[in-house]
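Good morning, everyone, and thank you for making room for this. I would like to walk you through one structure, slowly, for those who have not seen it before.

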Amino acid sequence: MQVIQSTKLANVCYEIRGPVLEEAMRLEAAGHRILKLNTGNPAAFGFECPPEILEDILRNLSGAHGYGDAKGLLSARRAVVQHYQTKGIDLDVEDVYLGNGVSELIQMSMQALLDDGDEVLVPAPDYPLWTASVALAGGTAVHYRCDEQADWMPDLADIERRITDRTKALVIINPNNPTGAVYDDEMLRGLTEIARRHGLVVCSDEIYDRILYDGATHTPTATIAPDLMVLTFNGLSKNYRVAGYRSGWMAVCGPKAHASSYIEGLTILANMRLCANMPSQHAVATALGGRQSIDDLVLPGGRILEQRDTAYELLTQIPGVTCVKPKGALYLFPRLDPKVYRIKDDRQMVLDLLRAEKIMVVHGTGFNWPEPDHFRVVTLPTTEDLTDAVTRIAHFLDGYGQP
Ligand code: PLP
């Protein structure tokens, strides 16, 4: 008898590690060197683990082999509470859940919230795990448009238009993956006002909150709307460059009295997975306190900032390619002018690029962007590798899909 995939997976997709990556791996196995610009995984591009984080993990390793508290190590949760308290957000250790990366917590937040047919407002473009997690939980991701002409700011009127009596939550990704947009307080007020008016849970994914350029500042959504329940997601993967240690947290901010059954659901799910990876939880307090080594990488003279600038300058020199300069996060999301490049299938386009030039990027529709006219580049490789990659992208695009 055939073993067939569950229908639950019918609308679940995660293209960042999809068929294009499989083809890249086939090419690598055949002996080709592939420059992979597809994942925001700092370690893959030579970024070391900050020594203080490594030390905390190593010193605690021999005692961290048992199951821990399902919600997380008390000292880690306390550090998360204190971190948000310094930003004026009132929290209790019971409001914090540690997870195996933000990814696990995103899925738990949706599994505990949604019934079949419930709707969640998710940005387009988005980090596609949000859409996939909504679908896996039986819900429907309803995509609201972020406006490239307005530096990728969410279109508030579009959000408003898409609300129905099934809408339960509003997802905000700030700083945004893939666009690099960073929202100002006025935008956050506009977004949270919609959630307030329609009784929506706000899910605020802030995993890039310290990866900011050109003087941009980040405001946690929960500080803008202390009267709303805001699930705030963050972790160690990006700001501290230890994605493989799988460590993230979710802080349930704001009033909760009306949400006791939902919170009970979250706790059931946390209990079911027993606990999050214990060794890395010992590093959370150290990570959040003290000097932030990420500043050395994103402030003037920093490696990541220079890489963003190089990639931006080279990409926007390609005829028919434009790009909003990112103010945060680790990506560029350039646009291919449809009058210059007649691309019908952008996944095919990135496959063609991979086979021709041995460069891997992710197509825009993989981020639930509706038109086949964007792709995403990671700004983590060295300037030499980025220069090489963009030169090859330019070579590939020359003549591609032109009438
Ligand atoms: N949220 C966003 C916006 C991301 O870009 C990513 C990873 O790229 C994640 C969450 C997942 O992070 P984690 O490694 O903590 O699971």
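I will go from the whole chain to its domains, then to the core, and finally to a few single residues.

Please keep in mind throughout that what you see is a predicted model. The chain has 403 residues, for which a compact globule would have a radius of gyration near 22 Å, and the chain has 21 Å, so the two values agree. Along its principal axes, the C-alpha trace spans about 60 × 60 × 50 Å. In secondary structure, the chain holds 15 helices and 15 strands. Buried residues account for 48% of the 403 residues. If we take the contacts between residues at least 6 apart in sequence, 72% of them join residues that are at least 24 apart.

Let me turn to the domains. The domain assignment gives two of them, with domain 1 covering 7-48 + 296-397 and domain 2 covering 51-288. Their C-alpha centres lie 25 Å apart, and the contact between them takes 32 residues from domain 1 and 31 residues from domain 2. On the side of domain 1 that touches domain 2, helix 13, residues 303-316, and strand 11, residues 331-332, each supply at least two residues. Sorted by class, that side of domain 1 has 19 nonpolar, 7 polar and 6 charged residues.

Now to the core, and a general remark first. In soluble globular proteins, nonpolar side chains tend to be buried together. Here, the largest nonpolar core has 119 residues, and those with the most contacts inside it are Val-134, Leu-170, Val-171, Val-202, Ala-251 and Val-361. The largest share of this core, 6 residues, comes from helix 4, which runs over residues 101-113. Where does this core lie with respect to domain 1 and domain 2? Both domains give residues to the core, so it lies between them.

Two residues help to show how that region is put together. Ala-251, one of the residues with the most contacts inside the core, is in contact with Val-80, Tyr-84, Leu-91, Asp-95, Val-96 and Thr-232, if we leave aside its neighbours within four places in sequence. Ala-195, which sits in helix 7, residues 185-198, is buried, because 24 other C-beta atoms lie within 10 Å and 20 are enough to count as buried. With neighbours within four places in sequence again left aside, Ala-195 is in contact with Leu-170, Leu-200, Val-202 and Leu-228, and among these, Leu-170 and Val-202 are also on the list of residues with the most contacts inside the core.

From there I would like to move to the loop between strand 9, residues 248-253, and helix 9, where Lys-256 is found. Is Lys-256 buried or partly exposed? With 14 other C-beta atoms within 10 Å, Lys-256 is partly exposed. Not counting residues up to four places away in sequence, Lys-256 touches Met-229 and Ile-263. Met-229 is 27 residues from Lys-256 in sequence, yet the C-alpha atoms of the two are 6.6 Å apart in space. Helix 9 itself, residues 260-272, has 13 residues and reaches 18 Å from its first C-alpha to its last, close to the 18 Å expected at 1.5 Å a residue. After helix 9 comes Leu-274, with a positive phi near 70 degrees.

Finally, a few details of the backbone. Which peptide bonds are cis in the loop between strand 6, residues 167-173, and helix 7? One is the bond from Asn-174 to Pro-175, with omega near -5 degrees, and another is the bond from Asn-177 to Pro-178, with omega near 20 degrees; both Pro-175 and Pro-178 lie in that loop.

Positive phi values also occur in residues other than glycine. Asp-214, in the loop between strand 7, residues 201-205, and helix 8, residues 221-224, has phi near 55 degrees, and with 14 C-beta neighbours inside 10 Å it counts as partly exposed. Asn-368, in the loop between strand 14, residues 362-363, and strand 15, residues 375-378, has phi near 60 degrees, but with 20 C-beta neighbours inside 10 Å, Asn-368 counts as buried.

That is where I will stop, and I am glad to go back to any part of the picture.

Note on methods. Residues numbered from 1 in each chain as written. Predicted model: local features only at pLDDT ≥ 70, side-chain atom pairs only at ≥ 80, totals over all residues. Core = buried A, V, L, I, M, F, W, Y, C linked by C-beta atoms within 7 Å. Buried ≥ 20, exposed ≤ 12 C-beta atoms within 10 Å, placed from the backbone. Helix = DSSP H or I, 4+ residues; strand = E, 2+ residues; numbered from the N terminus. Domains from an automatic or database assignment. Contact = placed C-beta atoms within 7 Å. Expected span 1.5 Å × (residues − 1). Nonpolar A, V, L, I, M, F, W, Y, C, P; charged D, E, K, R; others polar. Rg over C-alpha atoms; globule rule 2.2 N^0.38 Å.
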